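Below is a walk through one protein model, taken one region at a time. Please keep the sequence and the 3D view open while reading.

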Amino acid sequence: MKLAVGPPTCPAEGVGCGEDEWEGEFFPGIPKIKYEGPNSKNHLAFKYYNAEEMILGKKMKDWFRFSVAFWHTFRGTGADPFGAPTKYWPWEDGTNSLAMAKRRMRANFEFIDKLGVDFWCFHDRDIAPDGKTLEETNKNLDEVVALAKELQGSKIHPLWGTSQLFHHPRYMHGAATRYATICSYITLSVTHYLGGENYVFWGGREGYQTLLNTDMEKELDHMARFLQAAVDFKKKIGFNGTLLIEPKPQEPTKHQYDWDAATAANFLRKYGLIDEFKLNIECNHATLSGHSCHHELETARINGLLGNIDANTGDPQTGWDTDQFMTDVAEATMVMLSVIKNGGLAPGGFNFDAKLRRESTDVEDLFIAHIGGMDTMARGLRNAAKLIEDGSLAELVKKRYQSFDSEVGTAIEAGKADFEYLEKKAIEWGEPKVLSGKQELAEMIFQSAL
Ligand code: XUL
Ligand code: CO
């Protein structure tokens with residue numbers, strides 16, 4: 001995440017570039033985005049996402065609970081390790097001032113309102129600038145949060161908040177430290193105050209570059225202590241939202257301790273935290289760990305840990321976190337098969353942890369990207385519902401395991417078949433019949449729903 005440090009774009013004495021005021025709309029000419037159906041050619045309309053439409057007994061908007069990520073949408077500049085920012089949004093004045101933070105917050109809520117979603121996600125440092133001291137930093141945050149509370153009204157809330165514990169040099173050796181505890185304490189309180197429904201921990205600096213200078217056991221113990229303190233604090237302030245861990249294998253560190261869903265689950269179990277946390281699965285992180293998003297979602301789901309999705313996608317030819325909006329309908333369909341099996345994600349949802357490409361520099365691109373992402377997920381939901389209603393894929397899977405409905409299979413599943421019993425049965429039955437796995441048929445059924 002890069003902070004906006006582009007050159008000033010407001011004319012020195014221009015209208016709307018005063019202290020924290022901005023006259024008129026931030027997105028003039030962009031209407032409230034509506035559903036127009038699959039035949040629409042309007043790029044500022046939904047073709048598949050129809051918020052109020054019922055699918056499998058639930059409104060589309062309730063399956064998704066879409067959220068705008070403040071950091072990508074309002075702090076993403078297009079800068080990369082090789083080049084300068086490319087996005088100079090008209091409302092940005094090139095500073096990281098408190099006045100600018102407030103103006104940006106107004107732009108955020110106009111964007112959310114026009115897009116028609118109910119949630120947003122933020123890091124503490126995205127929304128308010130650092131001060132010279134921690135007191136000043138907290139004061140800045142308080143001021144921006146007070147404005148956010150007012151702008152939210154009663155309909156909009158944070159899907160989750162999080163503390164940004166990876167940018168500042170103080171976190172370079174890992175962030176599960178005293179300072180991080182203070183920041184998390186404050187951000188958790190702020191998330192609670194804004195009516196946030198979850199709180200995320202992404203351990204960008206919790207990992208190592210080499211084991212030669214690292215005491216892994218000590219670091220994992222410390223991380224668990226930090227998370228336990230968060231649990232205690234959450235209970236103390238009466239925050240009923242879910243605490244979420246977001247697995248990612250590497251980047252920025254060579255190895256991050258929350259490598260993937262299975263690793264994070266093992267960590268939570270070892271430290272007695274398994275009932276206190278769920279997972280925020282990010283699709284691009286899944287790709288980086290050598291898994292599909294579907295795999296990570298299923299791993300989380302069968303462990304009772306699927307709490308939220310950071311909806312994005314990676315590039316199959318690129319080895320880093322490109323944070324693209326998901327546009328692959330087949331991938332979205334697999335994601336939605338997991339979400340439906342999970343009965344939805346609430347109080348979690350789909351947070352677009354996704355950014356425009358560096359070369360996408362029009363203000364309307366922010367809308368187009370989100371509309372495309374929402375429509376892709378909506379197509380995934382419609383397709384997954386089709387597959388479930390049709391039932392042939394479930395039937396195929398059921399058949400594949402049908403031998404477990406036999407006398408021996410039932411005994412195995414019930415834990416009543418020991419080795420001696422199984423040897424006796426194997427001799428009695430002779431060579432087993434090996435049946436087809438029907439993979440191509442499964443793929444054919446899946447494709448027919450797309
Ligand atoms: C980083 C990432 C973060 C977290 C929140 O890869 O995904 O933006 O979602 O800190
Ligand atoms: Co994320």
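The largest cavity holds about 160 Å³ of space. The model in which it is found is a predicted one. Lining this cavity are 18 residues, and those closest to its centre are Phe-201, Trp-202, Gly-203, Glu-206 and Phe-226. Two elements give two or more residues each to the lining, namely strand S8 (198–201) and helix H7 (216–237). Sorted by class, the lining of the largest cavity comprises eleven nonpolar, five polar and two charged residues. In total, the structure holds three cavities of 30 Å³ or more.

Trp-202 leads on to the ligand, since this residue is listed both among those closest to the centre of the largest cavity and among those surrounding ligand 1. Around ligand 1 stand Trp-71, His-123, Trp-160, Phe-166, Trp-202, Glu-246, Lys-248, Glu-282, His-285, Asp-310, Asp-321 and Asp-353. Which classes make up this shell? It has four nonpolar, two polar and six charged residues.

Polar side-chain atoms of several shell residues can be paired with oxygen atoms of the ligand. For Glu-282, a polar side-chain atom is 2.7 Å from an oxygen atom of ligand 1. For Asp-353, the distance from a polar side-chain atom to a ligand oxygen is 2.8 Å, and for Trp-71 the corresponding value is 3.4 Å. On its own, ligand 1 has 290 Å² of accessible area, and the protein covers 93% of this.

A separate space to look at is the second largest pocket, with a volume of about 610 Å³. Its lining consists of 21 residues, of which His-294, Leu-337, Leu-393, Val-397 and Ala-442 are the closest to its centre. Which elements give two or more residues to this lining? They are helix H10 (293–302), helix H11 (329–341), helix H12 (363–390), helix H13 (392–400) and helix H16 (439–448). By class, the lining of the second largest pocket divides into eleven nonpolar, six polar and four charged residues.

Next come the charged pairs. Side chains of opposite charge can pair when their charged atoms come close. Across the whole structure, a search finds 18 salt bridges. One of them joins Lys-102 and Glu-143, with 2.7 Å between the closest N and O atoms. Lys-102 belongs to helix H3 (residues 98–115) and Glu-143 to helix H5 (residues 134–152), so this salt bridge ties together parts that are 41 residues apart in sequence.

Finally, the backbone deserves a look. Most residues other than glycine have a negative phi, and most peptide bonds are trans. Against that background, where is a cis peptide bond found? One joins Glu-251 and Pro-252, with omega at about 15 degrees. Glu-251 also has a positive phi, about 75 degrees, although it is not a glycine. Pro-252 sits in the loop between strand S10 (242–245) and strand S11 (255–256), and Glu-251 is found in the loop between S10 and S11 as well.

Another cis peptide bond runs from Ala-346 to Pro-347, where omega is near 5 degrees. Pro-347 is placed in the loop between H11 and strand S14 (350–352). Helix H11 has already appeared above, as one of the elements that give two or more residues to the lining of the second largest pocket.

Definitions and conventions
Residues are numbered from 1 along each chain as its sequence is written. Chains are lettered from A and ligands numbered from 1 in the order in which they are written. This is a predicted model: local features need pLDDT of at least 70, side-chain atom pairs count only at pLDDT 80 or more; totals for chains, interfaces and linings use all residues. Side-chain values use heavy atoms; hydrogens and water are left out. A residue is near a molecule or strand if one of its heavy atoms lies within 4 Å of it. A polar contact is a pair of N or O atoms within 3.5 Å; within protein, one must be able to donate a hydrogen and the other to accept it, and residues adjacent in sequence count only if both atoms are side-chain atoms. Accessible areas come from the Shrake-Rupley method with a 1.4 Å probe; for residues, only the protein chains shown count as cover. Ala, Val, Leu, Ile, Met, Phe, Trp, Tyr, Cys and Pro count as nonpolar, Asp, Glu, Lys and Arg as charged, and the others, Gly among them, as polar. On a 1 Å grid over the protein atoms alone, a cavity is a set of points where a 1.4 Å probe fits but cannot get out, and a pocket is an open set with protein on both sides within 12 Å along at least five of seven lines; lining residues have an atom within 4 Å of a point. Grid points are joined across faces, edges and corners, and a volume is the space filled by probe spheres set on the points. Helices (H or I, at least four residues) and strands (E, at least two) are DSSP runs, numbered from the N terminus. A salt bridge is a side-chain nitrogen of Lys or Arg within 4 Å of a carboxyl oxygen of Asp or Glu.
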